[in-house]
Structures are given as C-alpha cells and as structure tokens.
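Visitor: I would like to learn how to read the features of a model like this one. Could we go through it together?

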Amino acid sequence: MNGIFVYSEDIAVTKQLLNIGRSLADVLQVNVTALALNETETDTAGLIACGAEKVIALSGSNPWVESYAESIAECIAKENPLLVLIGGTMRGKDVAARIAAWHSHGLVNSAMSIEVVERKLETKRMLYGGLAVCKEELSEGCIVTIDPRTYEEAAADPLRNGDVVACTAQSNDAVLVGGVCPIVRERADLANAEKIICVGRGLSSQSDMKLVEDLAEKIGAEIGCSRSIAEDYHWLPTESYIGLSGQKVKPQLYLSIGISGQVQHIVGARDARVIVAIDKNEKAPIFSAADYGIVGDLYEIVPKLIEKLGK
Ligand SMILES: Cc1cc2nc3c(=O)[nH]c(=O)nc-3n(C[C@H](O)[C@H](O)[C@H](O)COP(=O)(O)OP(=O)(O)OC[C@H]3O[C@@H](n4cnc5c(N)ncnc54)[C@H](O)[C@@H]3O)c2cc1C
C-alpha cells in the first residue's frame, strides 16, 4: 500500500482535502497523490504547492465528471493507496460510490474528522441526524468523502516540488448530457456566507420578515431559515433552509431568531464560528449550541439591536 490519494471535481475542495491528507501523510510518512480532472497547468501546480508529491492530470472531452469514475478508479488501482479522500459534493459522492463498488473497498461518507490512532486510520461521522457520532477504523484502501469546508484549504508553498503526470481519460458515454440548466438562485449562496441571520417559527407572520431584513442589512448578513419557514410557510425559498436536509453552513456569525434548535436544524449550523441565539424560551435547545444567548421576545430584542446598530 502506498500513500494517500485525493480527488474532487472542485479544485478548491481538492486543496481542502490536501490539508488533512498532507497532515495524515506526514504522520504515516507516506506520499500524497492528487488527481485533477480537466484542470489548467496553474491549477495542477497549485496542488503541488498545497502538499501533493504527485498530480495526475486527467483530461477528456466529456464535461460530465461522473462519466470518468472508471478512469479515476483505474488511477487509484495503479497507485494502490492506503486511503482515498474524495470531496463530499453530490457529484463527488456519486463518483466515490462507484469507485468503492468497483474496488470492493469500504466507503465512509461525510466524515467530520479523520486521524491516525496507533497507526490505524479512524474517522468520525454523524449518525441519526446528528444524535450520535460513529467512530470507524478504516481498512486499507478505504474511500472517505469529506464535505466541502470541513477543512480549510492547505497553505500553498510555491517552493514545494512534485511531479505532474498527464493522462487521457476514457469517459463512459453510456449517459450523454443533452444540456445543463443552472438553477437561478433567488438569494445569495448561504454555503459561502460570512454572516447569516436565520429565522424560525418564532416569527408570527411573513410581513415581520421586514424586521429581519432590516437587521441583516445593518450587519451585512444573508438570511436563512428553519425548514418550517421554507417548506411549510413558503416565506423563503427552499434553498434558504439550513439543517440535515437543507444547507450546511459555516459562517463566522450565525444569529438565530425564534428557532428552537432541534438537532435536525443545528446539524447544518454547528460549524459556525460564533452562534448567537434569540429565543423567548430559556429551555430551547438552541441555547445549548449557542456561544451567546438572549432570552426574550424577538419583537422587543430585534428592534433594539437595529436601533443600537443604527447609531
Ligand atoms: C428527517 C427530518 C429532517 C429535518 N431536517 C430539517 C432541516 O434540515 N432543517 C430544519 O430547520 N429543520 C429540519 N427538520 C425539522 C426540525 O425537526 C424542526 O421541526 C424545525 O427545525 C423547527 O423549526 P423552528 O425552530 O423554526 O420551529 P419551532 O421548533 O416551532 O421553534 C420556534 C421557536 O421560536 C420561539 N419563539 C416563539 N415566539 C417567539 C418570540 N416572539 N420571540 C422569540 N422566540 C420566540 C419558541 O420558543 C421556539 O423555540 C427536520 C425534521 C425531520 C424529522
């Protein structure tokens, strides 16, 4: 068994995987190989700067990354790595599942962390909507997907050396893409927002959203919500809700207003740097997840905050 193999169809995520991949490789004293699919020379050089000893630059004419799963599996077979890290995007998970099936290797999805314990690799991931954490010891060659932004991008060191091996990929054209229509988002991309105000059923009516919008404008925040607000009340688009079945976010500031903080919601927000909660029920579970809590009526607190921030 060789080193650690990393791949994502999103080069920024590959650099995040290199952060953890490099640390593990240093402990295990093995090499890191990154796979780049249809990336530029600058991007492949960037992967070496971020810690890969070798970059396999695959190129092919089919724009559909899933159709290269077999070629990626072949590269992995040649490298025979100890561990394969794949970016846990929707497309990455699709590719990871196909590769795991081809190689009959284990697959751990959405690992929250991965570490070396007594020379064995161990992952942790959430179970039952965040109610339990599952610890798993990996067999050799295991595939692990890691969701975007679980780790920061590896710091680039332009003095690092490495090899770039160019290969032509064979795409599996069993499914041909006739066209792609990007989803036009009605709101900003919450996954990359630095500040988020999240509203829940504590808000009495849709017209009160104005209050939240005013506060968001004052602090330059995007607006998210609990599932009930999007799916039951339809006050905000579906892509605005945060949680287990919604978006996973990692802002610097997450301010929840009138959200009870059920585990299915919190699971999407727990990686925020600072969580502030406003709720009138002092026993609301949101306060266990919050760094700062304000117990009180949002209709009194939010106008006061807007007033203070206005000065
Ligand atoms: C399989 C599954 C998946 C799910 N996935 C998600 C998900 O991805 N995201 C998600 O959000 N939910 C999800 N849910 C639903 C989740 O369990 C909760 O039901 C939901 O998050 C509750 O939304 P809420 O906090 O807005 O409402 P509530 O739980 O009703 O909380 C409202 C809060 O507002 C407070 N409040 C009321 N009035 C005021 C006031 N005037 N001032 C201050 N506070 C006030 C109350 O004290 C209360 O704490 C899922 C559920 C299941 C079963």
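Guide: Gladly! Let us start with record annotations: UniProt positions are given in the numbering used here, feature names are shortened, and annotations may be inferred rather than shown by experiment. This is a predicted model, where local features need pLDDT of at least 70, side-chain atom pairs count only at pLDDT 80 or more, and totals for chains, interfaces and linings use all residues. Residues are numbered from 1 along each chain as its sequence is written, and side-chain values use heavy atoms, with hydrogens and water left out.

Visitor: Which feature does UniProt place at residues 4-180?

Guide: The unreviewed entry gives "domain: Electron transfer flavoprotein alpha/beta-subunit N-terminal" there. Helices (H or I, at least four residues) and strands (E, at least two) are DSSP runs, numbered from the N terminus. Over residues 4-180 the chain is 29% helix and 30% strand.

Visitor: How do I read what surrounds the ligand?

Guide: A residue is near a molecule if one of its heavy atoms lies within 4 Å of it. Here 25 residues are around the ligand, and Ser226, Ile242, Ser245, Ser260 and Asp279 come nearest. Ser226 is placed in the loop between strand 12 (222-225) and helix 6.

Visitor: Which backbone atoms lie close to polar atoms of the ligand?

Guide: A polar contact is a pair of N or O atoms within 3.5 Å; within protein, one must be able to donate a hydrogen and the other to accept it, and residues adjacent in sequence count only if both atoms are side-chain atoms. Polar backbone atoms of Arg227 and Gly258 are 2.8 Å and 3.1 Å, respectively, from an oxygen atom of the ligand. For Leu298, a backbone N or O atom lies 2.8 Å from a ligand nitrogen atom. Helix 6 (227-232), helix 7 (263-266) and helix 9 (298-310) are the elements giving two or more residues to the shell.

Visitor: Which residues does UniProt list as "binding site"?

Guide: The unreviewed entry's set includes Arg201, Ser226, Arg227, Gly258 and His265.
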